[in-house]
Amino acid sequence: MTDPHEGRKGASLKGTPSGAAVLDLGGLSGLSEEKAHVRFEEEGPNELPTQKKRSLLTIGLEVAREPMFLMLVAAGSLYLLMGEPADALMLLGFVFVVMAITIIQERRTERALEALRDLSSPRALVIRDGVHRRIAGREVVRGDLVILGEGDRVPADGLLRRCINLSTDESLLTGESVPVRKVASEQARELDKPGGDDLPSVFSGTLVTAGQGIAEIVATGVDSQLGKIGKALERVAPEPTLLQKETRRLVRTFAIVGLMACALVVVVYAVTRGGGADVWKQGLLAGIAMAMATLPEEFPVVLTVFLALGAWRISRSQVLTRRMPAVETLGAATVLCVDKTGTLTQNRMTLRKLAVSASTVDLANHQDGLPEELHSLLENSILASKRDPFDPMERALHEAGDRLIKDTEHLHPGWSLAHEYLLTPSLLAVSHAWLTGNGDEVVVASKGAPEAIADLCHLSAEDHQVLTRQVDSLSSQGLRVLGVAQGFASRGNLPEAHHDLSLELVGLLGFEDPLRPTVPAAVAECRAAGVRVVMITGDYPTTAQSIARQAGLSNCDMVISGAELDRMSDENLAERIKQVQVFARVVPEQKLRIVNALKANREVVAMTGDGVNDAPALKAAHIGIAMGGRGTDVARESASLVLLDDDFSSIVAAVRLGRRIFDNIKKAIAFILAVHVPIAGLSMIPVFFADWPLLLLPVHIVFLELIIDPACSLIFEAEHAEANVMRRPPRNPDERLFSMRTIGVAVMQGLSVLAVCLGVFLLARSSHSAEVARALTFATLVVAFIVIILVNRSWTRSAFAMLRVPNTALKWVVFGACIFLAVVLAVPFAQRLFYFAPLHPVDLVFSLGAGLVCVLWFELLKLVRRYQGA
């Protein structure tokens, strides 16, 4: 469809009602097409540059340098040499899985920048060679004259040269929910910071909510405010999570120990048995078994299962996980940084209070009706607004009118606009003169800044003081205040000058961006959990303090403004931020500084946000949480978590789940460490005794590690959170996932199982064949592993008490392990595969009983701790 302005000279912007002002577009020729083309070639398109993508080969080489994957490749290759392709493919498959995950993570930053580019490239109406042309936003160049009207997205940063009553919504850049007024300037040459009233600067990606204007473009692409955010976003690299750091450290340790143990077992086995090809072959088998016994291939399985299922569970609470390790890290969060607009509040202006004379009425208590004395105030405020407004305050007035005075005579759809007195920098008020249909009678309705309305009404000093006290009272409650006035005239006697109207004060309007109803309870639960909530907003300090008090934040009297923050050093900010929980009038670069200051204090920082301005801070924080409903694509792509319903209380559910995941991962890791001790011991100890048979071969270890271990991860993942999980402070950031206590308990459990298994083997070997002794030892080991699962479900409650706590995965694991054990012990074909021999029932009962009692000491230890705690 051809644009109505294209190819026309001197046309008005839009159809306007009778009496409304029209922007003069005449006398402007803009750039020539030739000059615009030259600048486009020299300076590039009005978009962010595409980030250079890494090749699959580069990513693959980086993954291959990890010690764990080197071990997996080595073990898989050995299995291929030994003619065991199935086991080899299983181990090598982990490499490709993690490569796929890494590629997905690399695309996250690219998608964030792509979303930013899409937002910064709307369509634009420009003047070139005196002709109005609609072009793609990416084709706008520096020096272009761009025509702006209500509903337009600003294509690039510019300076207004002409405008009438123009306002823009800059919340994407500042977080402010209320549009800012703009003025034209022929002399301005440099852009101001976003967010100020009565400035000539307009910014890429912002929305024109009222008025008309012509802007000269002065910055495009990476030089615009959006471009600066994009460059900051590109520079910020997400930190590895605590879980990733801990796992990487333990994996390296296991890898080194595994390689050394593998080499030692091969050499010792061959030396103690006299060498020879067959002996070296058996030694190589023993070495592979030893490497598998110490190889931590269960860790990626456990972590993947826990975090993937955790992401699924939290999705049922309307939280989308974009970076799975962040789910666990959120449980360790010590500070939650929240943006006011759209996060604590609903990001929509609402008419909250009406003030007439000395009385003030809260509309929260008048949902279905309004006292008669307030009808005129709401009536005139609607008459002073546009009939189909973009401005959020005017939309709020229309919504209130439809709700409160719809069925009265105070709404006038049949009246026609006779004249419009526009808002100017010197008089911050707008007045509409309406023809009532009753002859030449005209009703004038005005609204604007209270001081401007007082000026139009020519109030006495005494009345002005009364008005000022009312305004101060409403402002102290975090409300944005407008005054309303009314006058009468005849059509032929309407003055030309706005100030010459004869008006009387009607009253005051108090607007608010209301708090989300779930926020106070969520903040209270965060406080109980030891998570400090810090509010960061681009709004004014008074409004920020009011919202902070309503939300239940502490230290609301202490506020740091953006101007103060600019004067602080990083060290001073890091010290002050320990006590301050409210930051006001903050710009994007400052949000990033606040997050970095908290990180410098060794805080684990979670950051919520919904705008473009939040993207760098979201990415820099340990956990970025974007609002999915009102949030921009840029914020969502930069965050680790996305709140699909924009409900702040969902964050509390995520924190609870993160703590539960950490607790359960510790239990699963303790199990893995515990079972590796007897596996490693039974693999290595027979090597040092020439007359001992090998007790565990690779086929046995595959059974143990690839059936029981992954299944047990499902059991521990499904465990419910401990009762006090949200009544204890966050864990110390220095606390290691694999603490000495965790490792000590796991090793003691493993040594207990190893001692019992060796005892069973020695007793059986004295009167039975090596195959029988191996089978009895294996049966004891499997039963002991099941018991370790049961006792580790809770480190405070007894295993018998936990049996009454439902866990579907537990039933399947125990049942499956018992079935598999019965098959390999009783079925002749399976016996031959596992190098077993038929067992006598008495011997089997003895070995199973030994497995049941080997770690019951841990139950006694839990009993003693409960008694001491009582």
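Here are three short exercises on a predicted model, each with a worked solution.

**Exercise 1. Trace the open sheet of eight strands: what is its strand order, and which are the edge strands?**

Solution. Start by walking across the sheet: the order reads β8-β22-β21-β20-β9-β17-β19-β18, and the pairing is mixed. Next, look for strands that pair on one side only; these are β8 (319-321) and β18 (559-561), the edge strands. Then check the twist: neighbouring strands are turned by 20 degrees against each other on average, ignoring direction.

**Exercise 2. Zoom in on β20 and β21: how many bridges join them, and which residue stands opposite G609?**

Solution. Find β20 at residues 605-609 and β21 at residues 623-627. The two run parallel, and four bridges join them. Now go to G609 and look across: its opposite number in β21 is A626. To finish, add the helix that packs on the sheet, α17 (residues 541-551). Helix α17 touches β17 (532-536), β18 and β19 (582-584), and its direction makes about 150 degrees with that of β19.

**Exercise 3. Find the nonpolar patch on the surface: which helix gives the most to it?**

Solution. Pick out the members: W812, F815, I819, V823, V827, F829 and L833, with about 730 Å² of accessible area together. Two helices, α28 (808-826) and α29 (828-833), each supply at least two of these residues. The top contributor is α28, with four. Take V823, which sits in α28. Is V823 buried or partly exposed? Its relative accessible area is 36%, and because that lies between the 20% and 50% cut-offs, V823 counts as partly exposed.

Note on methods: Residues numbered from 1 in each chain as written. Predicted model: local features only at pLDDT ≥ 70, side-chain atom pairs only at ≥ 80, totals over all residues. Heavy atoms only, no water. Pairing = 2+ DSSP bridges. Axes fitted to C-alpha atoms, helices over the stretch in contact; angles between N-to-C directions. Contact = heavy atoms within 4.5 Å. Patch = residues over 30% accessible without salt bridge, like charges linked within 9 Å, V, L, I, M, F, W, Y side chains within 5 Å. Areas by Shrake-Rupley, 256 points an atom, 1.4 Å probe, with all protein chains shown as cover. Salt bridge = Lys/Arg side-chain N within 4 Å of Asp/Glu carboxyl O. Buried < 20%, exposed > 50% of the residue type's maximum accessible area, 1.4 Å probe, protein only.
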